[in-house]
Amino acid sequence: MLYGAECWPVNIAHVQKMKVAKMRMLRWMCGHTRLDRIRNKVIRDKVGVSPIEDKMWEARHRWFGHVRRRSTDAPVRRCERLTLEGLQRGRDRPKKRWGGMIREDMAQLQLTEDMTLDRKV
């Protein structure tokens, strides 16, 4: 389900759809339905998995570290190019970009881009 999730500019609707799909699979694995009225946290604890948004966050930051540490002559993926090009839109709100998501996450964690060059940090 998370193939390529490291470069998705994820919004709330994407996360919600991923949560729903994952919980349907976990309930099916456990042999429960929604009619059993078992909380999601109980099922996640029973199976031993973490919330999907944590996995998406982890993949995004792992990819950002790879991008920052790569050589300057390495090819650029489409998602990285779109963050650098400030594509203009009409009067609507600008689309959420991968780079903006990384900046928000790093601000929450109080990290700088230079910290990504040290893999241990």
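Trainee: Does Met-115 count as buried, partly exposed or exposed?

Mentor: In this predicted model, Met-115 lies in the segment after α5 (98–109). Buried means under 20% relative accessible area and exposed means over 50%. Because its relative accessibility is 33%, Met-115 counts as partly exposed.

Trainee: Which residues form a nonpolar patch on the surface together with Met-115?

Mentor: The patch has about 320 Å² of accessible area in total. Besides Met-115, its members are Trp-57, Leu-109 and Leu-111.

Trainee: Within what arc do the buried residues of α5 fall, seen down the axis?

Mentor: The buried residues of α5 are Trp-98, Gly-99, Met-101, Ile-102, Asp-105 and Met-106. They line one face of the helix, so the face turned away from the buried side is a separate matter: Arg-103, Ala-107 and Gln-108 are the exposed residues there. Seen down the axis of α5, the buried residues fall within an arc of 160 degrees.

Trainee: With which residue does Asp-105 form a salt bridge?

Mentor: Asp-105 lies in helix α5 and its partner in helix α3, so the pair ties together parts that are 45 residues apart in sequence. Both residues are buried. The closest N and O atoms are 3.0 Å apart, and the partner of Asp-105 is Arg-60.

Trainee: Which residue forms a salt bridge with Glu-58?

Mentor: Glu-58 and its partner both lie in helix α3 (residues 52–69), 4 residues apart, about one turn of the helix. Glu-58 counts as partly exposed because its relative accessibility is 36%. With the closest N and O atoms 2.9 Å apart, the partner of Glu-58 is Arg-62.

Key. Residues are numbered from 1 along each chain as its sequence is written. This is a predicted model: local features need pLDDT of at least 70, side-chain atom pairs count only at pLDDT 80 or more; totals for chains, interfaces and linings use all residues. Side-chain values use heavy atoms; hydrogens and water are left out. Patches are made of residues with over 30% relative accessible area and no salt bridge: like charges are joined within 9 Å, nonpolar side chains (Val, Leu, Ile, Met, Phe, Trp, Tyr) within 5 Å. Accessible areas come from the Shrake-Rupley method with a 1.4 Å probe; for residues, only the protein chains shown count as cover. A salt bridge is a side-chain nitrogen of Lys or Arg within 4 Å of a carboxyl oxygen of Asp or Glu. Helices (H or I, at least four residues) and strands (E, at least two) are DSSP runs, numbered from the N terminus. Buried means under 20% relative accessible area, exposed over 50%, partly exposed in between (1.4 Å probe, protein chains only). The arc is that of the directions from the helix axis to the C-beta atoms.
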